[in-house]
Amino acid sequence: MITIEHLKKTFKKNKVEAVKDVSLEVHNGEIFALLGPNGAGKTTTMRMLSTLLNPTSGKITYDGKDINEDMLAIRRRIAFLTNEIRLDGQFTPDELANYYGRLYEMSEEQIKKNKQELFDYFGITEFAKRRYETFSTGMKQKTSLAICLLHDPDTIIFDEPTNGLDILTQRLIEKYVVRLKEEGKCIILSTHILDLVSRLADRVGVIVDGRSVYCGNVSDMAASQNVETIDEAFVKLYEENHVEQNIITKK
Amino acid sequence: MSNKHVLHVMKNEWAKTMKTKSQLLLLLLTPLITVMFISWGLDYVISQTSTYEAAVFFQNEEQMRVADVVLKDYPSFAGFVGGDPKTDVTEGKIDCALVVDDQMIHVYYDSELLSSSTCLKDASDVADALCFAFEGTEVYNDMKDFMPTRQMIDLSSKEDILETFLDRMTGLIGMLIFLTMASNALSLSANSVTGEKERHTFDTMVLCPASLRKILLGKTLVLMVEIFLSGLVGILTGILAFAIWSHDQFSTICELAGKNLAWLPLIILLLLSATLVTTAVFMTIASAFSQTKKASLFSSAGMVLISVSSMIPTFTKNEAVKFFPVANWSIAIKSICRGKGDLAAIGTGFLISVLIFALGLVLSSALWERTNE
């Protein structure tokens with residue numbers, strides 16, 4: 001289980017307070033959707049969750065353990081995938097899997113087994129000896145996903161993973177996300193596609209202007225805002241909580 | 001476990017270089033082409049100056065036997081017994097002749113008797129007299145006023161040939177070697193460190209349970225090997241170029257170098273010091289930026305710094321220079337080749353470079369982490 005308490009992130013360089021106060025709870029064996037308009041602070045929150053950024057203040061715990069206590073041990077348990085993440089183009093999926101598997105201190109047998117399974121599922125096997133840079137966008141995304149999941153993490157953080165992909169690849173990834181959930185893994189999913197949220201997610205968190213304004217079941221979201229659909233609920237939450245100025249100006 | 005991470009990153013970085021042909025070509029061809037071209041240029045200038053044929057004529061075998069020790073050091077002067085030196089000179093077969101008779105050494109140039117020097121009592125004096133004639137540059141001084149411009153008589157002794165070679169390796173070619181090392185370091189560090197963020201490959205790597213410092217150490221060590229190789233290619237090309245363009249003098253260099261191979265580890269140590277400093281400078285600059293364009297801009301300052309450092313001994317005679325890596329290059333190499341290799345100075349220079357490297361590593365990882373924020 002992941003607990004986030006009063007998370008805050010200020011980028012000193014740009015003087016931007018990207019995340020002001022986010023508190024959420026994500027349980028094992030569920031798909032948690034993180035919603036928010038562009039620039040709300042979703043990606044920054046996810047980067048802090050995945051240990052890529054240090055919070056300015058606040059607390060993140062994984063099964064009760066503070067993220068700062070043993071960051072490297074936490075990294076062994078998580079996977080983070082965004083549609084921006086790329087792998088070194090000179091290498092083949094096979095070489096990439098071997099390299100990252102070794103960095104995750106996996107045994108050669110384990111690497112071979114997990115690689116085979118993931119490559120087969122995502123249809124990478126026949127391209128396993130081809131350079132990553134020669135792949136299409138969809139194939140690159142599937143390879144990135146396979147490499148990210150190679151070490152069998154129990155927490156998977158997806159930041160708009162299906163952006164720019166064709167419907168077939170989207171479905172393939174969605175199916176795999178459901179499979180991961182069924183295996184009892186904790187999945188955090190950030191997306192703008194509310195239809196995807198209704199179909200996949202169990203619970204949802206909404207961030208507006210760097211603040212968490214809702215955290216609850218997807219099925220309860222519309223009712224909690226006295227509207228019919230989650231689209232309407234999202235718009236209502238945004239309108240009620242949006243503040244125009246979120247940039248700290250230099251004195 | 002952490003050392004394994006460093007090793008994996010190193011293997012991956014090395015494989016990346018091997019797979020990127022343009023990078024590999026740049027690494028090896030830059031020093032090869034630049035050093036070879038400049039060496040050819042230097043020799044072309046020298047070849048425009050015509051060297052005159054010279055000979056020493058002895059009266060008897062005994063004189064030649066005694067003088068042989070001196071003649072060996074002056075390979076341009078062929079030794080003859082008897083013959084007709086005056087005719088040879090007049091007919092243009094030989095441009096300069098030293099004629100040894102019973103009492104004197106006469107210097108002829110283009111059939112003109114320029115001078116006669118040193119009274120000889122017997123054959124045993126010939127060696128000393130000849131040596132005096134060469135070393136005191138009497139022969140050259142006598143003739144230089146008669147020679148047209150861009151003509152010379154090669155009075156080089158073996159030591160002089162070595163000196164020419166060393167001047168070349170520690171002067172213009174030395175600076176070129178550092179310049180190519182620095183330019184390779186610039187492109188490789190920008191690609192390996194700054195480029196990771198630009199290509200969005202940084203996050204995947206940082207998410208692994210390996211600390212950023214270990215990742216950076218792995219990358220830095222590979223960069224170090226690459227820069228060392230680039231410097232080594234530069235040095236070997238300098239030697240090869242000398243062998244190709246100055247092949248008549250190269251055997252003398254080989255003969256002198258082969259006498260005692262103690263110079264080899266000392267030169268490797270000097271190159272290693274330069275590599276450590278170059279790596280530290282460029283890694284630090286590359287780590288401070290998240291755009292290769294900006295990193296390259298600031299790296300040009302590093303290139304100037306490294307190249308100018310190698311020229312410091314030409315600006316100052318200060319003794320302290322011999323302790324500083326890169327700057328001690330020319331002083332140290334000359335002392336090594338004269339058989340007086342100053343191990344204490346080279347060792348101190350190496351220790352200083354290790355300190356600079358360690359400092360660069362700490363600074364780089366702090367800056368790299370900062371740009372991630």
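# A tour of chains A and B

In chain B, strand β2 (residues 54-58) runs parallel to β4(B), and the two are paired over four bridges. This is a predicted model, and that pair of strands is a good place to start looking around.

**Stop 1: strand β4 of chain B**

Select residues 96-100 of chain B, the span of strand β4. To see one rung of its pairing, show Phe57(B) together with Val99(B), its bridge partner in β4(B). Now turn on the neighbours: five of the five residues of β4(B) are buried, so the strand is largely enclosed by the rest of the structure. In a regular strand, side chains alternate between the two faces of the sheet. Here Cys96(B), Leu98(B) and Val100(B) are on one side, Ala97(B) and Val99(B) are on the other, and both faces are covered.

**Stop 2: helices α8 and α10 of chain B**

Next, select residues 172-198 of chain B for helix α8 and residues 212-245 of chain B for helix α10. Two packed helices are described by the angle between their axes and the distance between the axes. For this pair the angle is about 155 degrees and the axes are 9 Å apart. An angle over 145 degrees counts as roughly antiparallel, and α8(B) and α10(B) are therefore roughly antiparallel to each other. Their crossing is right-handed. On the α8(B) side, the residues in contact include Ile173(B), Ile177(B), Met181(B), Leu188(B) and Val193(B). From α10(B), look for Leu223(B), Ile227(B), Gly231(B), Gly234(B) and Gly238(B), among others. Colour this contact by class and you will find nine nonpolar, eight polar and two charged residues.

**Stop 3: from α10 to α12 in chain B**

Keep α10(B) on screen and add helix α12, residues 263-287 of chain B. The axes of α10(B) and α12(B) come within 9 Å and cross at roughly 130 degrees. The two helices are therefore oblique to each other, and α10(B) passes α12(B) in a right-handed crossing. Which residues of α10(B) meet α12(B)? They are Thr220(B), Leu223(B), Met224(B), Ile227(B), Phe228(B), Gly231(B), Leu232(B) and Ile235(B). Facing them from α12(B) are Leu271(B), Leu272(B), Ala274(B), Thr275(B), Leu276(B), Thr278(B), Thr279(B) and Met283(B). By class, this contact has 11 nonpolar and five polar residues, with no charged ones.

**Stop 4: α12 and α14 of chain B**

Stay with α12(B) and bring in helix α14, residues 329-337 of chain B. These two pack at about 175 degrees, with their axes 10 Å apart, which makes α12(B) roughly antiparallel to α14(B). Show the side chains of Trp263(B), Leu266(B), Ile267(B), Leu270(B) and Ala274(B) in α12(B). They meet Trp329(B), Ala332(B), Ile333(B), Ile336(B) and Cys337(B) in α14(B). The contact holds 10 nonpolar residues, with no polar and no charged ones.

**Stop 5: where the two chains touch**

Zoom out to see both chains. The contact between them takes 20 residues from chain A and 19 residues from chain B. On the chain A side, the elements giving two or more residues are α2 (71-77) and α3 (93-103). The largest share of that side, four residues, comes from α3(A). By class, the chain A side has 11 nonpolar, two polar and seven charged residues.

Now select α3(A) by itself. Nine of its 11 residues are buried, so this helix is largely enclosed by the rest of the structure. Among the buried ones are Pro93(A), Leu96(A), Tyr99(A), Tyr100(A) and Arg102(A).

**Stop 6: some backbone oddities**

Most residues other than glycine have a negative phi. Just after α3(A), Glu105(A) has a positive phi of about 60 degrees. Move on to His6(A), in strand β1 (residues 2-11) of chain A, where phi is positive at about 45 degrees. With 13 C-beta neighbours inside 10 Å, His6(A) counts as partly exposed.

In chain B, select His200(B), in the loop between α8 and α9 (202-206). Its phi is also positive, at about 60 degrees. With 15 C-beta neighbours inside 10 Å, His200(B) counts as partly exposed.

**Last stop: Gly58 of chain A**

Finish at Gly58(A), in strand β4 (residues 57-62) of chain A. Gly58(A) touches Glu5(A), His6(A), Leu7(A) and Lys8(A), leaving aside residues up to four places away in sequence. It counts as partly exposed, with 17 C-beta neighbours inside 10 Å. For a final distance, pick the C-alpha atoms of Gly58(A) and Cys186(A): they are separated by 21 Å, and the two residues are 128 residues apart along the chain.

Methods:
Residues numbered from 1 in each chain as written. Chains lettered and ligands numbered in written order. Predicted model: local features only at pLDDT ≥ 70, side-chain atom pairs only at ≥ 80, totals over all residues. Axes fitted to C-alpha atoms, helices over the stretch in contact; angles between N-to-C directions. Parallel < 35°, antiparallel > 145°, perpendicular 65-115°, else oblique. Left-handed = near helix turned anticlockwise from the far one by under 90°. Contact = placed C-beta atoms within 7 Å. Nonpolar A, V, L, I, M, F, W, Y, C, P; charged D, E, K, R; others polar. Buried ≥ 20, exposed ≤ 12 C-beta atoms within 10 Å, placed from the backbone. Pairing = 2+ DSSP bridges.
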